[in-house]
Amino acid sequence: MVRGTVLVHRRRCGKPNCRCASGGAAHEQTVLSYKQAGKTRFLMLPAVEVEQVRAATARFRAAKARVEAEGNAGLVELVARLGRSKKAS
Ligand SMILES: [Zn+2]
């Protein structure tokens, strides 16, 4: 699995005779956006890698959601078990 988000950057290259300069479609580059040491970074993805990286990021999100859900369930259980005496008033 891979942490990060696959997204498409669209940009104009700046060459005056390029199709993108005369209102045509901007250039698209698929990248992996990820944070490292508090900074957002981008990794250019070759076309052949895009689908598997996208799937790997989806696996990471699913695993993260599972861990969050289990952690919350554990917390609720612990609070229910140990927090009972505080409720009495
Ligand atoms: Zn261009």
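**Notebook: loop, strands and helix**

I started with C13, which sits in the loop between β1 and β2. I take helices (H or I, at least four residues) and strands (E, at least two) as DSSP runs, numbered from the N terminus. The model is predicted, so local features need pLDDT of at least 70 and side-chain atom pairs count only at pLDDT 80 or more, while totals for chains, interfaces and linings use all residues. Residues are numbered from 1 along each chain as its sequence is written, and side-chain values use heavy atoms, with hydrogens and water left out.

**C13**

I looked up the cover of C13. At 27% relative accessibility, C13 is partly exposed. My cut-offs: buried is under 20% relative accessible area, exposed is over 50%, and partly exposed lies in between (1.4 Å probe, protein chains only). Setting aside residues up to four places away in sequence, C13 touches C18, C20 and H27. A contact here means heavy atoms within 4.5 Å. I also took the distance from C13 to A58: 31 Å from C-alpha to C-alpha, with their positions 45 residues apart in sequence.

**Whole chain**

I then stepped back. The protein has two helices and three strands. Along the sequence I read β-β-β-α-α. Why call it spread out? The radius of gyration is 22 Å, well over the 12 Å that the globule rule gives for 89 residues, so the protein is more spread out than a compact globule. That radius is taken over C-alpha atoms, and the rule is 2.2 Å times the number of residues to the power 0.38. Along the principal axes, the C-alpha atoms fill a box of roughly 75 × 30 × 25 Å.

Of the 89 residues, 16% count as buried. I also checked contacts between residues at least 6 apart in sequence: 40% of them join residues at least 24 apart. The exposed area is about 7200 Å², with 56% of it from carbon and sulfur atoms. Areas come from the Shrake-Rupley method with a 1.4 Å probe; for residues, only the protein chains shown count as cover.

**Charges**

I counted 18 positive and 6 negative side chains, and the centres of the two sets lie 8 Å apart. Lys and Arg count as positive, Asp and Glu as negative; His and the chain ends are not counted. Each charge is placed at NZ of Lys, CZ of Arg, CG of Asp or CD of Glu.

**V6 and T30**

V6 lies in strand β1 (residues 5-11). V6 is buried, at 13% relative accessibility. Beyond four places in sequence, its contacts include T30, L45, V50 and T57. V6 and L45 are 39 residues apart in sequence, yet 8.8 Å apart in space, C-alpha to C-alpha.

T30 is in strand β2 (residues 27-36). T30 is buried too, with a relative accessible area of 18%. Outside its neighbours within four places, T30 contacts V6, L7, V8, L43, M44, L45 and V50.

**T57**

Is T57 buried or exposed? At 1% relative accessibility, T57 is buried. T57 belongs to helix α1 (residues 47-82). Leaving out residues up to four places away, T57 touches V2, G4, V6 and L32. Its side chain reaches the backbone oxygen of R54 at 2.7 Å.

**A37**

Last, I looked at A37, in the loop between β2 and β3 (39-44). A37 is exposed, with a relative accessible area of 80%. I noted its phi near 50°, a positive value in a residue other than glycine.

Terms used. Polar contact = N/O pair within 3.5 Å; in protein donor to acceptor, adjacent residues only side chain to side chain.
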